[in-house]
Amino acid sequence: MLRIEQIGVAYGAIEALHGVSLEVAEGEVIALLGANGAGKTTLLRTISGLLRPKSGAIRFEGEALGNSSAEARVKRGIAHVPEGRRIFPGLTVRENLDVATTVWRRRGMSAAADLDNVFALFPRLEERSSQLGWSLSGGEQQMLAIGRALMARPKMLLLDEPSLGLAPRLSEEVYRRIADINAKGVTVLLVEQNTVLALEVAKRAYVIENGRIVLDGPARELANHPRVREAYLGA
Ligand code: ATP
């Protein structure tokens, strides 16, 4: 579904990614692991069209994404849940969800079924649908950010540190919902510092260090790999 071929990305003179290649098949959950500053967020932002690679190519469902805009990529089926959630603090929960439907609503389709789907997954959002974004707890904001991405009817969800800043129980809850979303047919590429959680839900994983992929393989194998155990699992 997604094929990243040897991409290089730089912020001015600072090279953040060096020849990164990665593949995600339809239906998979893939985890991208790495320390602070390894390049995880940069990779997700490049896939969703917020950054331009200076070399290499990204293919989605067999077609090169080229210089297409972030909006065009959402229409193609790629939805990005950014790090730090970035919901609209001055809009209600319901309004935050409605925003994402503009990509296909112009064609006159109803969002009722999409809203039902999000509320079934996250009942708290329905209870708080008229509350303003800023007044939600961290966990609720994360659920809203994921719910908002789902309203765009994605084929692939890019999740940047979904457990960041959440208490362990809430992180587990968010991860259970990610598994539910995947079970309904949405492919997932997630970036995570909580290696234990990420390797539980992912089928395969990649490890990125200093802008380069240094390891990849089935999640179970990586969980037992000495380098992963030492650097990311505190073993
Ligand atoms: P984190 O978990 O801290 O977000 P990350 O793995 O997502 O880490 P990136 O945010 O992708 O890492 O950063 C990769 C590299 O690019 C780092 O060296 C970082 O300092 C650099 N970088 C990121 N954003 C910018 C920017 N806007 N301008 C300059 N350098 C940047």
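1. A friendly place to start is helix α1, where K40, T42, L43, L44, T46 and I47 are buried. This is a predicted model, so please read every value below as computed from that prediction. Six of the eight residues of α1 are buried, so the helix is largely enclosed by the rest of the structure. If you follow the chain just past the end of α1, you come to G49, whose phi is positive, at about 90°.

2. Staying with α1 leads us to the ligand. Which element gives the largest share of the shell around the ligand? That element is α1, with three residues. Both β2 (14-24) and α1 (40-47) supply at least two residues of this shell. In total, 14 residues surround the ligand, and the closest are G37, G39, K40, T41 and T42. By character, the shell residues divide into five nonpolar, six polar and three charged.

3. Next, the individual contacts with the ligand. A backbone N or O atom of G37 sits 2.7 Å from an oxygen atom of the ligand. For G39, a backbone N or O atom is 2.9 Å from a ligand oxygen atom. K40 takes part through its side chain, with a polar atom 2.8 Å from an oxygen atom of the ligand. Taken alone, the ligand exposes 630 Å², and the protein buries 62% of that. K40 is worth a second look on screen, as this residue is among the closest to the ligand and is also one of the buried residues of α1.

4. Now to the interior. The largest nonpolar core has 45 residues, and those touching the most other members are L97, L125, I146, L157, L159 and L190. Helix α7 (residues 138-151) gives the largest share of this core, seven residues. A second, separate core holds 25 residues, including I7, L17, L44 and Y206. L44 has already come up, among the buried residues of α1.

5. I146 is a handy residue to select when exploring the largest core. Neighbours within four places in sequence aside, I146 is in contact with V81, F122, L157, L159, V174 and I181. Two of these partners, L157 and L159, are themselves listed with I146 among the residues touching the most other core members.

6. The end of α7 and what follows also deserve a look. M151 belongs to helix α7. Is M151 buried or exposed? M151 is buried, with a relative accessible area of 0%. Between M151 and V103 there are 9.5 Å in space, C-alpha to C-alpha, although the two are 48 residues apart in sequence. In the loop between α7 and β7 you will find R153, a residue other than glycine with a positive phi, near 55°. R153 is partly exposed, at 36% relative accessible area.

7. N210 also has a positive phi without being glycine, with a value near 45°. Its place is the loop between β9 (204-209) and β10 (212-218). With a relative accessibility of 65%, N210 counts as exposed.

8. Strand β3 (residues 29-33) contains A31, which counts as buried at 0% relative accessibility. Which residues does A31 contact, leaving aside its neighbours within four places in sequence? They are L190, A198, A202, R204, A205 and Y206. Two of these names are familiar: L190 from the largest nonpolar core and Y206 from the second core. A31 and G84 are 53 residues apart in sequence, and their C-alpha atoms are 18 Å apart.

9. Two polar residues make a good last stop. S163 lies in the loop between β7 (156-160) and α8 (168-183) and counts as buried at 8% relative accessibility. Residues up to four places away in sequence aside, S163 touches S171, Y175, E192, N194 and L197. N182 is in helix α8 and also counts as buried, at 18% relative accessibility; the cut-off for buried is under 20%. The side chain of N182 reaches the backbone oxygen of V186 at 3.0 Å. Beyond its neighbours within four places in sequence, N182 is in contact with G27, E28, V29, T187 and V188.

Definitions and conventions
Residues are numbered from 1 along each chain as its sequence is written. This is a predicted model: local features need pLDDT of at least 70, side-chain atom pairs count only at pLDDT 80 or more; totals for chains, interfaces and linings use all residues. Side-chain values use heavy atoms; hydrogens and water are left out. A residue is near a molecule or strand if one of its heavy atoms lies within 4 Å of it. A polar contact is a pair of N or O atoms within 3.5 Å; within protein, one must be able to donate a hydrogen and the other to accept it, and residues adjacent in sequence count only if both atoms are side-chain atoms. Accessible areas come from the Shrake-Rupley method with a 1.4 Å probe; for residues, only the protein chains shown count as cover. Helices (H or I, at least four residues) and strands (E, at least two) are DSSP runs, numbered from the N terminus. Ala, Val, Leu, Ile, Met, Phe, Trp, Tyr, Cys and Pro count as nonpolar, Asp, Glu, Lys and Arg as charged, and the others, Gly among them, as polar. Buried means under 20% relative accessible area, exposed over 50%, partly exposed in between (1.4 Å probe, protein chains only). Contact means heavy atoms within 4.5 Å. A nonpolar core is a set of buried Ala, Val, Leu, Ile, Met, Phe, Trp, Tyr and Cys residues joined through side-chain atoms within 4.5 Å.
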